[in-house]
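User: Hi! I'm new to reading protein models, so could we walk through this one together?
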Amino acid sequence: MTDKIALITGASRGFGAAIAKALAPEFHIVAVARTVGALEELDDAIQGKGGQATLAPMDVTVDAAMQQLCRGIHDRWGRLDLWVHTAIHAAPLSPASHIAPKDFASSVDVNVTATQRLMSYVAPLLGTAGHAVFCDDTVSGQKFYGTYGATKAAQMALVRSWQAETARTGPRVTVIAPAPMPTALRARFFPGEDRGALTTPDAEATRLLETVRG
């Protein structure tokens with residue numbers, strides 16, 4: 001049984017689920033997502049690899065839920081070794097002058113506010129020896145990506161500030177840039193794309209984890 005603990009936020013599908021499976025059984029996986037059924041499928045896959053998972057069906061935008069999550073991690077294990085944050089809200093593509101207020105607000109809540117709040121709660125669990133990993137997506141400024149691009153850029157500004165601040169003290173903060181994958185997020189932006197030509201989430205998770213460990 002491993003004594004290393006990894007928190008995966010946004011773990012139910014796509015790249016988050018692939019990361020969780022790639023880390024098992026080296027880590028005990030704490031899997032956070034809103035969809036219970038998808039988390040249960042992930043748990044089955046992790047157990048099939050000989051790993052173990054703790055499922056946390058929670059919404060990362062709910063402050064009380066994130067406090068409860070991190071308090072539970074502290075009370076059970078006293079720390080985290082790894083945090084991989086893949087939770088993201090992908091609003092529909094739209095001209096910047098026609099962005100729906102509800103879409104923009106949801107994107108800010110998930111992509112910016114939840115990320116900042118989680119940093120403050122997870123940092124003490126990571127301590128100086130832990131490792132936090134975030135995913136970049138360089139679409140900021142491209143046409144029709146106003147909502148997603150702006151909030152993703154704001155998220156990365158927070159992450160890179162934390163990365164610079166902890167460079168000497170820890171925890172280690174890493175930013176990765178996944179290749180295009182046939183995820184639900186990408187399908188919203190590129191409907192009708194030949195998904196067979198894209199890298200699978202499982203293959204990309206394995207490749208990027210090797211890079212992170214290196």
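User: Let's start with Ser12: does that count as buried or exposed, and why?
Analyst: Good place to start! Keep in mind that this is a predicted model. Ser12 counts as buried because its relative accessibility is 16%, and the cut-off for buried is under 20%.

User: Where is Ser12 found?
Analyst: Ser12 lies in the loop between β1 (5–9) and α1 (14–23).

User: And which residues does Ser12 touch?
Analyst: Leaving out residues up to four places away in sequence, Ser12 touches Ala17, Ala33, Thr35, Ala38 and Leu39.

User: Cool. Switching to rings: how many aromatic pairs are there in the whole structure?
Analyst: A search of the whole structure gives 5 aromatic pairs. One of them is formed by Trp83 and Phe134, and it is edge-to-face, with 5.1 Å centre to centre and 75° between the planes.

User: Where in the chain do Trp83 and Phe134 sit?
Analyst: This pair links distant parts of the chain. Trp83 belongs to strand β4 (residues 82–85) and Phe134 to strand β5 (residues 131–135), and the two are 51 residues apart.

User: Are Trp83 and Phe134 buried or exposed?
Analyst: Both Trp83 and Phe134 are buried.

User: Which residues make up the cluster with Trp83?
Analyst: Trp83, Phe134 and Trp162 are linked into a cluster by ring pairs.

User: Last topic, charges. What sits over the ring of Phe27?
Analyst: That's the charged end of Lys4, 4.6 Å from the centre of the Phe27 ring.

User: And over the ring of Phe190?
Analyst: There you'll find the charged end of Arg186, 4.1 Å from the ring's centre.

Note on methods: Residues numbered from 1 in each chain as written. Predicted model: local features only at pLDDT ≥ 70, side-chain atom pairs only at ≥ 80, totals over all residues. Heavy atoms only, no water. Phe/Tyr/Trp six-rings, centres within 6.5 Å; stacked < 30°, edge-to-face > 60°. Helix = DSSP H or I, 4+ residues; strand = E, 2+ residues; numbered from the N terminus. Buried < 20%, exposed > 50% of the residue type's maximum accessible area, 1.4 Å probe, protein only. Lys NZ or Arg CZ within 6 Å of the ring centre and 35° of its normal. Contact = heavy atoms within 4.5 Å.
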